[in-house]
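Let's take a walk through this structure together, starting with how its strands pair up and ending at the ligand. Have the 3D view open as you read.

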Amino acid sequence: MVEGMTPSTLPPNPSPSLTSVALNLDHIRAEFPALQGECVYLDNAGGSLVLRRVADRVRDYLLTSSVQLGASYSQSQDAGARVLAARRSVATLINAAHDDEVVMGGATTALMFQLTSALLLGIRPGDEIIVTNSDHESNIGGWARLQSAGAVLKFWNVNPATLALELPDLERLLSPRVVWVAMTHASNILGTVNPVAEVAERVHAVGGRLCVDAVAYAPHRLVDVQASGADLYVFSFYKVFGPHYAVLWGRRELLLALPSLNHYFIGPEVLPYKLQPGNVNYELSYGCIGISDYLQAVGASLGCSGSARQQMQAAFDAFERHEDQLAEQLLSYLRGKAGVRIIGLDSAASGGRVPTVSFTVAGMMSETVVRHLDRFNIGIRFGDFYAKRLVDALGLQAQGGVVRVSMAHYNTAAEIGRLIQHLDEVLP
Ligand SMILES: Cc1ncc(COP(=O)(O)O)c(C=O)c1O
């Protein structure tokens, strides 16, 4: 239990077997105050709705702990304990081996620019860095800047026919000169889950390292940084029911080897502070404990009485089953529309995708579809979602990018039904 707040439980869902337990969506939705309105919110890959327990913690911290950390008086000690508890909670959420591997900051983009500027000094001319053309730009742009130190940037492109990042294509790019590979765990347009552990094996075999952007993955699967095989792993809490805030995890020996981005007297051994110039945001850090509390409470309500991570896993297993059903409801409708091209896997049955569904409509601007849905208070959007290189490569810019419907576990079949009803008014 974390200082200062009592976690609230969810009522139990009585059922004999964990794998058959359905989420109680009334209880789930009551956790998200923004769901009480009329809007059908399907822009979750843009940013998820925020848990009441996260907001309560942010408020509580601001009103009761807003003192500077590191002093000997008791309020300062208590505030420090809360911020430390937040880091531990995030370490559990992501399965970090050590708390001090958890670096927090304002956004994934900001953390990636910080990280790559720390890497800049270690780059030697001719070092190769592989990025993909299906990533959000935040896991490409910082790497591209390392070209100023002589790094050579290479692209691992999706196969335009299958829309997959294929391992043989990566293998052709790998060589002992490769120092970093940067890829996404799930694409924020395609929804495809990529085999990062298999990539990590191949990258490590040539002596390189792997950096994974999990922003589009973390709302849908329980993160396990150790099992991922990655050396760096990053995502944003505002996509995972929390505040506008982010985490970068790195293997301790790797982080220790980086130069300090902080004051000259904050040495390279001071983890994670050397990578958090100006320190973390205290109240948002504390708010993030509410994410883990919630996931554990969902797991407990499903009948799981195991460890914190076992409860979180039970929650995500139930999220995945529910999200697959929602995604399949929409995908099966879209598959039946002759003018629609699904940009990504066209079925949720394989388990290979998260419920972020993108499509284009022949002869129609993507904006037209979205504006029609706006009239019925259904929140979806169109564009390239900063995965600009992918949308360019697929030749979709002229249409205004893709229409993207992105679901979360708190969405309902009735909401997807309402979406489909109004899509049917506009799709040919
Ligand atoms: C896959 C992916 N990576 C990175 C980002 C950037 O995250 P942030 O806004 O925290 O910089 C986003 C934002 O949409 C994203 O979808």
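Before we get to the sheets, one bit of vocabulary: two strands count as paired if DSSP finds at least two bridges between them. Keep in mind, too, that what you're looking at is a predicted model.

With that in hand, find the open sheet of four strands, which pair antiparallel in the order β9-β10-β13-β12. At its edges stand β9 and β12 (381-383), each with a single partner strand, so each has one side left without a neighbour in the sheet. Neighbouring strands here are turned against each other by 35 degrees on average, ignoring direction.

Now zoom in on β10, which spans residues 356-361. How many of its six residues are buried? Six of the six, so to speak a full house. As a rule, side chains in a regular strand alternate between the two faces of the sheet. In β10, Thr-356, Ser-358 and Thr-360 point one way, while Val-357, Phe-359 and Val-361 point the other way, and all are buried.

β10 has a partner in strand β9 (residues 340-342), which runs antiparallel to it and is joined to it by three bridges. Look there for Val-340, which sits opposite Val-361 of β10. β10 also pairs with strand β13 (residues 402-406), again in the antiparallel sense, this time over four bridges. On that side, Phe-359 faces Val-403 of β13.

Strand β2 (residues 102-105) is another one to look at, since both of its faces are covered. Val-102 and Met-104 lie on one side, Val-103 and Gly-105 on the other, and all of them are buried. Its pairing with strand β8 (residues 246-250) is antiparallel, over four bridges. Within that pair, Met-104 stands opposite Val-247 of β8.

For a contrast, head to a loop. Asp-224 sits between β6 (209-213) and α8 (225-228). Is Asp-224 buried or partly exposed? It's partly exposed, because 16 other C-beta atoms lie within 10 Å, and being buried takes 20 or more. Asp-224 also shows how the chain comes back to itself: Asn-95 is 129 residues away in sequence, yet the two C-alpha atoms are 5.2 Å apart.

Step back and look at the whole chain. You should be able to pick out 14 helices and 13 strands. Of the 428 residues, 48% are buried. Among contacts between residues at least 6 apart in sequence, 68% join residues at least 24 apart. The C-alpha atoms fill a box of roughly 65 × 55 × 40 Å along the principal axes. A compact globule of 428 residues would have a radius of gyration near 22 Å, and the chain agrees because its value is 22 Å.

Last stop, the ligand. Which residues surround it? They are Ala-107, Thr-108, Thr-109, His-136, Ser-138, Thr-184, Asn-188, Asp-213, Val-215, Ala-216, Ser-236 and Ala-246. By type, this shell divides into four nonpolar, seven polar and one charged.

How values were computed. Residues numbered from 1 in each chain as written. Predicted model: local features only at pLDDT ≥ 70, side-chain atom pairs only at ≥ 80, totals over all residues. Near = placed C-beta within 6 Å. Nonpolar A, V, L, I, M, F, W, Y, C, P; charged D, E, K, R; others polar. Helix = DSSP H or I, 4+ residues; strand = E, 2+ residues; numbered from the N terminus. Rg over C-alpha atoms; globule rule 2.2 N^0.38 Å. Buried ≥ 20, exposed ≤ 12 C-beta atoms within 10 Å, placed from the backbone. Contact = placed C-beta atoms within 7 Å. Axes fitted to C-alpha atoms, helices over the stretch in contact; angles between N-to-C directions.
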